[in-house]
Every structure is written in C-alpha cells, then in structure tokens.
Amino acid sequence: MLRWDFVDDRLRVTDADNATIVVEGEGLEVADSSPGINRPVDETVVVTAEQLRLPHAVVYASNLGSGTQHELDPHGEPLSLAPGEYIVDIDTRIKTYLRFSGAATIDRTDDIETVVVSFPERSRLVLGFRSRHEIPADTITVPDSPRGLASAISHLHVSQKTTSPDRSYPSLRGHPPRIETGQTLEIPSTVTSGASESGITITVPPRYEDLFVVAPLAYYLQASVETSAHEPARLSIEGYDVSVPLPSMPALEGDVEQLLRKVFFLDCLVRNAGPFSTSLSELDVLESLEIDSDRLYAGTIGERLASYLEIPYETIEHRLPDWHLSTYVEAGPDTVETLPFLLDRMSLISMPKWSELCEQELVERSLDDFYRSGTADTRSGGQIPSIDIVKPELQSGCVHGWIADGVPIDVFKSTPEAYQNRLQYLERWSDASSIAVVLNDPEMAGEHESVAKIYRERADALPIELSVEESLTTDELARVFEAEHDFVHFIGHCETDGLCCPDGTFSTSTLESCNAQTFFLNACGSFYEGLELVENGSVAGAVTLQKVLNDHAVKVGSMFATLLVHGFSIERAMDLARRRIMMGKDYAVVGDGTHSLSQGEQQYPTTITMDLVDDEQYLLSIECYSTGDTGSYYFPHADGNDNAYLCGSPSRLLLSADELPAFLSEANASVIYDGDVYWSERLSENFESS
C-alpha cells in the first residue's frame with residue numbers, strides 16, 4: 001500500500017509503515033498514466049524531467065538490450081550510460097526503479113547524501129515503487145489441532161514474490177496471511193492456488209512446540225509441513241534422495257536455527273548471479289566452497305537446498321551475519337495468530353525458558369532521597385507496583401521478544417494484541433506524525449525541554465505535529481491516550497493505582513481504547529500501565545520496571561527520543577538509551593519492540609562503536625541491521641571501501657583524528673564511545689573543537 005503526492009517539484013511516496021522516499025527535480029512534471037516497468041512494484045508514476053535527485057542508496061543500472069549491468073561507484077567517477085533502454089535499481093527504504101530510453105549520467109553529491117540522475121534533455125521517465133512492508137491479503141482459519149496448524153504453516157509462504165534466491169531480499173517477501181482460530185480448517189483459494197510446490201517436506205511430531213520452532217524454516221524454504229506421531233522427524237527433498245533427521249525438542253531449536261541461517265546466508269550470496277547483484281564482502285565464501293552460483297541461481301529450491309545441505313555448518317559459521325531477531329513463544333492455540341507476524345520479521349522461534357534473577361543483576365537501590373519520588377501531597381509516600389522479574393535463557397539474536405508469562409529482562413515483552421494493533425495503524429494514514437509530550441512532574445522540566453527540542457528539530461526533516469502539555473488531570477491525560485497520536489512521551493510518576501496527575505492517579509486499564517500508536521512512560525514502575533496500553537490498542541512502548549533516578553531518566557529519555565525519530569525501532573532505541581546509565585535494566589519495552597515510528601536518513605539504523613587506537617587513529621566498528629529488513633545490505637561510505645556488507649555483518653574502518661569529525665557529522669548514526677552513547681552529529685562537534 002503506497003500513496004504519493006506532488007508539490008513544488010517534489011514527488012513524495014510513503015508506505016503504510018511510514019517509510020518515505022522523496023524524488024526531486026527542477027521543473028519535474030507528473031503524468032497520470034501508470035505503465036508497467038518489468039519489475040515487481042506496487043505503484044508506477046510517469047514523470048518528465050531533465051534531472052532527478054533521490055536519497056542516498058546503492059545504485060546499479062541494467063541495459064535491457066544487452067543485459068549488461070553497471071554499478072555506481074560510491075567513491076569513483078560518475079556512471080555514464082550510452083544510449084539504450086535501462087532500468088536503474090535504487091535501493092532505498094521503498095524499493096525504487098527508474099526506467100528510461102536514451103543516455104544518462106548517474107552521480108552522487110559531494111556529501112554522498114544524494115543520488116543525481118541527469119539526462120541530455122527533458123525526458124519521459126517511469127518510476128516504480130515497491131513497499132517493503134505489506135498488510136496481509138488473506139486469512140487462514142485453523143482449528144485447535146497441531147495438524148490444522150501444520151496445514152496453515154505450509155501455505156504461509158504464498159506471500160513470497162519469487163522462488164529464486166532473490167526471496168532473501170526483504171522487498172520480495174510479502175507479509176504472510178493472517179491466522180485466526182475457528183472450528184474448522186479454512187484456507188482461501190487465493191492462498192492454495194498461489195502456494196508453490198517446492199518438493200521440500202518437514203515432518204515433526206503433532207505438538208505445537210515443534211510446529212512453532214520449524215515454522216520460520218518451513219516458511220523460507222516454501223516447504224510443506226506434516227505431523228506424525230510414529231515417523232521420526234525429518235526434512236526431505238523429493239527427487240534428491242535427501243532425508244535429514246531432525247532431533248526432538250529442545251535440540252530441534254538448535255538444528256532449525258543452523259539450517260535457516262545457513263540456507264539464508266548462502267541464498268544472499270548466490271542471488272548475486274541474478275540481476276540484482278552487488279559487491280558484497282562475503283562473496284569470497286562462494287569461491288572457497290567452490291559453489292557454482294550461476295547453476296544454483298537458475299535451479300529449483302530443492303536443488304539449492306540439496307547442495308547447501310552438503311556444506312558443513314562449521315565451515316561457514318564464522319562468516320554468518322548476526323541473526324536479527326529471536327522470539328520466545330508459549331506455543332498453543334492462544335498464540336498461533338502471532339506466527340505470520342513473526343515470520344514476516346524472519347524471527348527464529350524458541351520455547352520460553354527462564355531462571356530466577358540473580359540479585360547482582362538488578363541491584364536494589366536504597367537512596368530514596370534521589371529516587372524519582374513525588375513531591376506533591378497527593379503523591380507523597382506512594383508505592384510503585386511490585387514486579388517479579390525473571391532472567392530468560394536467550395538464543396541467537398540481536399533483538400529478543402517474549403510472548404509468554406513473566407516479566408523478563410533483556411527482551412521486549414509482547415502480546416498477540418500488539419501485532420493485531422499494528423495492522424490497524426498501517427491503515428491509519430496521516431500527513432504527519434503526531435507526537436504529544438506530557439510533563440506531569442515539574443521537577444522533570446529538564447527532560448521535558450530536552451525531548452521537546454529534539455522533536456522540534458527533527459520536524460525540519462520529517463512531517464511532525466508536536467503538542468506539549470503540562471500538569472494534566474486524569475481526564476485530560478485519558479484524552480491524550482484516546483486521541484490519534486503516533487507517540488506519547490509521558491514524564492512523571494507512577495504508583496500502584498496508575499500514572500500520577502494533580503487530581504489523583506490515572507489507570508490506563510480504564511481506557512475503552514487507546515489510540516496512541518507508541519509511547520514512553522518515563523515514570524517509576526510503569527510496566528503494567530504500559531502493558532495495559534498495548535492490550536487496549538497500542539503497538540509498543542517503553543516503560544520502567546522499578547524506581548529510577550531523576551538524572552538517569554533525563555539521560556535515557558533524551559537519547560531514546562533522538563533514536564526514535566531517527567528510525568530506530570522501539571526496542572533498539574531503548575537498548576541503546578539505557579546503556580547511558582548504570583541501572584539500565586530498570587527500563588524495558590512492552591508490545592512489538594520491532595516497530596519503528598519513523599524513518600531516518602540512513603536506509604537502516606546504524607550504530608558505531610568507536611575506540612581510540614592511539615593519539616592519531618580511531619577504530620570504528622559499524623553495525624547495521626533492521627528487524628524488518630533481513631537480507632539487506634549496507635555500504636560504509638569511507639575512502640578506500642569498495643564493498644557492501646550484509647546487514648548483521650559488522651564492518652570496520654580506521655580513521656585518522658583529522659578524518660573523524662567529517663565522517664561523524666555525515667554518519668547519522670548512534671555512537672558508543674568512552675562508556676556513553678551519542679548521536680554522531682553532536683559527537684563530531686566535540687572532536688572539531690578539540
């Protein structure tokens with residue numbers, strides 16, 4: 001689902017997940033016709049221009065006549081295209097294609113932030129756009145039986161747009177059909193007719209736990225899933241005499257993880273034999289393994305899998321990108337509806353296991369005078385909710401989700417409602433993000449002013465409507481959460497009865513519905529109030545588990561606000577923000593922590609860990625990934641770098657003290673340096689003045 005508008009020579013395209021691309025051109029004209037573009041797109045637009053300016057991206061052009069492909073060197077000469085018929089692939093947050101006939105020059109601006117496509121004269125051009133995130137088109141109904149769920153899982157891959165290795169690109173994997181429970185199995189004809197016959201079958205015992213664990217592998221392999229109480233669990237490929245035994249739970253979790261990570265990684269490499277190749281740093285793996293990528297790219301899913309299975313996991317384990325997401329789910333009829341959302345994010349799925357939290361991991365502080373405690377008479381002596389916290393046993397993953405009982409640390413605590421709520425917001429269009437900042441504690445005016453300034457500054461680049469409120473009553477605060485806000489930042493106190501207001505406490509459980517898409521309740525012990533917001537309509541939000549110090553709340557709140565409006569997901573923003581304080585585990589996320597409020601300048605949120613090597617050099621480790629874009633790649637823009645890297649694979653740069661300020665000012669990234677977290681542009685000022 002895409003929409004576009006055209007104002008003042010600027011074509012602005014936005015998808016349902018708030019990803020945006022702006023195409024500019026002096027004298028740009030837009031026509032009404034929408035021809036095809038020979039690429040999988042959601043929308044096409046005909047424009048007339050002599051020059052187009054697009055956001056920073058990896059760019060390559062394909063000559064449709066000769067089949068020749070050209071890639072724009074990020075640090076070299078402009079790309080000059082002789083007269084011909086071309087499709088230019090521009091890999092932004094919304095996948096963009098440009099088709100034209102004739103000659104053209106493709107270049108970047110000096111700051112590398114803009115791609116410029118120039119033509120000898122005004123030309124008729126076709127722009128095609130494809131959203132990376134989609135609303136599920138169909139719904140599968142399953143009865144309360146493992147066999148029925150196996151049939152549903154066998155059809156969830158219907159949303160994938162190809163059977164080739166290109167499905168490792170996130171833009172070619174649509175959202176799987178929804179699952180709901182009912183009396184009988186019902187699969188729409190549009191789903192059964194669209195499902196592929198890969199010849200791959202996964203057989204497991206008829207238990208929900210086994211089915212949940214194998215679901216991500218089955219979805220990606222486009223495999224059929226069968227249940228058997230008598231036959232051993234296995235993965236088989238029709239026509240290839242392949243039958244791989246699978247262990248019983250819990251060992252099944254490890255085997256599925258290894259199989260999925262290996263197959264997905266090798267597909268990301270083999271796909272470079274197709275039309276969308278790029279200079280990945282990991283491509284040398286193909287040569288070392290003597291893989292014929294041309295043959296495998298043209299082969300079937302079964303043929304590729306049979307070849308991949310011959311490669312021992314240990315030979316490539318050290319080259320695998322970090323997996324982005326693992327979710328721990330209490331498997332059963334009550335959680336089957338979450339599966340399509342987890343598969344859309346390509347999450348690994350495990351059963352929740354935990355232990356009691358060691359006292360050393362969550363230190364109880366006793367300096368009550370320094371806690372964020374109330375000063376008004378109506379709040380003095382108030383008690384915050386008591387929360388029993390557990391320590392989850394975590395598997396592979398940069399981000400971890402929890403859909404089970406208990407209050408875990410180091411993961412976001414989600415619910416089935418969070419994912420259903422997200423679909424409602426995808427369909428709720430607005431011209432600007434609505435952000436409300438509420439200050440209900442005069443002593444926290446510092447955080448209030450800081451975050452309001454951050455949101456106002458960001459409004460220069462993103463359409464943001466900001467409202468700032470102070471000392472709201474219970475009724476007034478209720479209206480804030482009932483209003484259609486994209487983000488509510490509450491600064492104040494929380495007690496056992498709810499969020500503190502001048503006239504008493506407001507319990508979020510009293511809301512008939514919550515229309516705040518996301519939130520931050522920066523108040524002591526706000527976990528349960530935040531969870532109620534999710535169950536009443538929100539997608540995700542940040543909360544606290546215990547009492548927090550005032551100065552700590554300011555540090556976390558201001559950094560969280562910065563990261564959120566620069567495209568970081570709720571969980572990633574909180575994970576980085578809470579690193580600024582010693583008691584970071586006091587902060588947590590409820591709801592779908594993979595959800596993002598907005599889009600940043602970088603295609604994918606980037607984090608840089610910076611270390612001083614000596615007086616003249618700094619080592620920068622660049623980490624780039626997004627839980628919604630698994631399989632993408634990024635290109636570190638620094639002199640001497642010619643390679644792209646798969647998201648999840650860190651890249652490293654060695655910069656001199658003289659080079660560092662300019663790099664940081666243009667990086668648009670979070671930076672971990674000297675025990676704290678900074679925004680790169682602000683950190684660059686420190687080095688410019690030193």
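Student: Which strands form the open sheet, and in what order do they stand?

Tutor: In this predicted model, three strands make up an open sheet in the order S19-S20-S22, and their pairing is mixed.

Student: Which strands stand at the edges of that sheet?

Tutor: Those are strand S19 (354-356) and strand S22 (407-408); each has a single partner strand, so one side of each is left without a neighbour in the sheet. Strand S20 (residues 389-392) runs parallel to S22, and two bridges join them. To see this pair, look for Ile389, which stands opposite Val407 in S22.

Student: How do side chains point along a strand?

Tutor: In a regular strand they alternate between the two faces of the sheet. Keep that in mind for S33, our next stop.

Student: Where is Val613, and with which strands does S33 pair?

Tutor: Val613 belongs to strand S33 (residues 606-614). On one hand, S33 pairs with strand S34 (residues 617-624) in the antiparallel sense over eight bridges, with Ile608 having Ile622 in S34 as its bridge partner. A hairpin of two residues connects S33 to S34. S33 also runs parallel to strand S38 (residues 670-673), joined by four bridges. There, Thr609 has Ile672 in S38 as its bridge partner.

Student: Is Val613 buried, partly exposed or exposed?

Tutor: Val613 counts as partly exposed because its relative accessibility is 47%, and the partly exposed class lies between 20% and 50%. Together with Leu619 and Leu654, Val613 forms a nonpolar patch on the surface, with about 250 Å² of accessible area for the three together.

Student: What does a hairpin look like at the start of the chain, between S1 and S2?

Tutor: S1 and S2 form a hairpin with two residues between them, and Asp8 in the turn has a positive phi of about 50°. Six bridges join S1 to strand S2 (residues 10-15) in antiparallel fashion; for example, Arg3 has Thr14 in S2 as its bridge partner.

Student: How confident is the predictor, and where is confidence lowest and highest?

Tutor: The chain has a mean pLDDT of 88, with 93% of its residues at 70 or more. Confidence is lowest in strand S1 (residues 2-7), at a mean of 80, and highest in helix H3 (residues 208-221), at 98. Look also at residues 364-381, where pLDDT stays under 50; the model has 41 contacts for them beyond four places in sequence.

Student: Which residues other than glycine have a positive phi in loops?

Tutor: Two cases are Glu290, with phi near 55°, and Met346, also with phi near 55°. Glu290 sits in the loop between helix H5 (284-289) and helix H6 (293-298), while Met346 sits in the loop between helix H9 (339-344) and strand S18 (348-350). Their surroundings can be read from accessibility: Glu290 counts as exposed because its value is 73%, whereas Met346 is buried, with a relative accessible area of 1%.

Student: Where is the cis peptide bond that involves Pro250?

Tutor: The bond from Met249 to Pro250 is cis, with omega near 5°. Pro250 is placed in the loop between strand S16 (242-245) and helix H4 (251-270).

Student: Why do charged side chains pair?

Tutor: Side chains of opposite charge can pair when their charged atoms come close. A search of the whole structure finds 22 salt bridges. One of them is between Asp89 and Lys95, at 3.0 Å from N to O. Asp89 is buried, with a relative accessible area of 3%, and Lys95 counts as buried at 5%.

Student: How many residues apart are Arg304 and Asp267, and how do they meet?

Tutor: Arg304 and Asp267 form a salt bridge, with their closest N and O atoms 3.8 Å apart. The pair links distant parts of the chain, 37 residues apart: Arg304 is in helix H7 (residues 301-309) and Asp267 in helix H4. Both Arg304 and Asp267 are buried.

Student: Are Arg319 and Asp284 buried or partly exposed?

Tutor: Arg319 counts as partly exposed at 26% relative accessibility, and Asp284 is partly exposed too, with a relative accessible area of 39%. Their salt bridge has its closest N and O atoms 3.0 Å apart.

Conventions:
Residues numbered from 1 in each chain as written. Heavy atoms only, no water. Patch = residues over 30% accessible without salt bridge, like charges linked within 9 Å, V, L, I, M, F, W, Y side chains within 5 Å. Areas by Shrake-Rupley, 256 points an atom, 1.4 Å probe, with all protein chains shown as cover. Salt bridge = Lys/Arg side-chain N within 4 Å of Asp/Glu carboxyl O. Buried < 20%, exposed > 50% of the residue type's maximum accessible area, 1.4 Å probe, protein only. pLDDT = per-residue confidence, 0-100. Contact = heavy atoms within 4.5 Å. Pairing = 2+ DSSP bridges.
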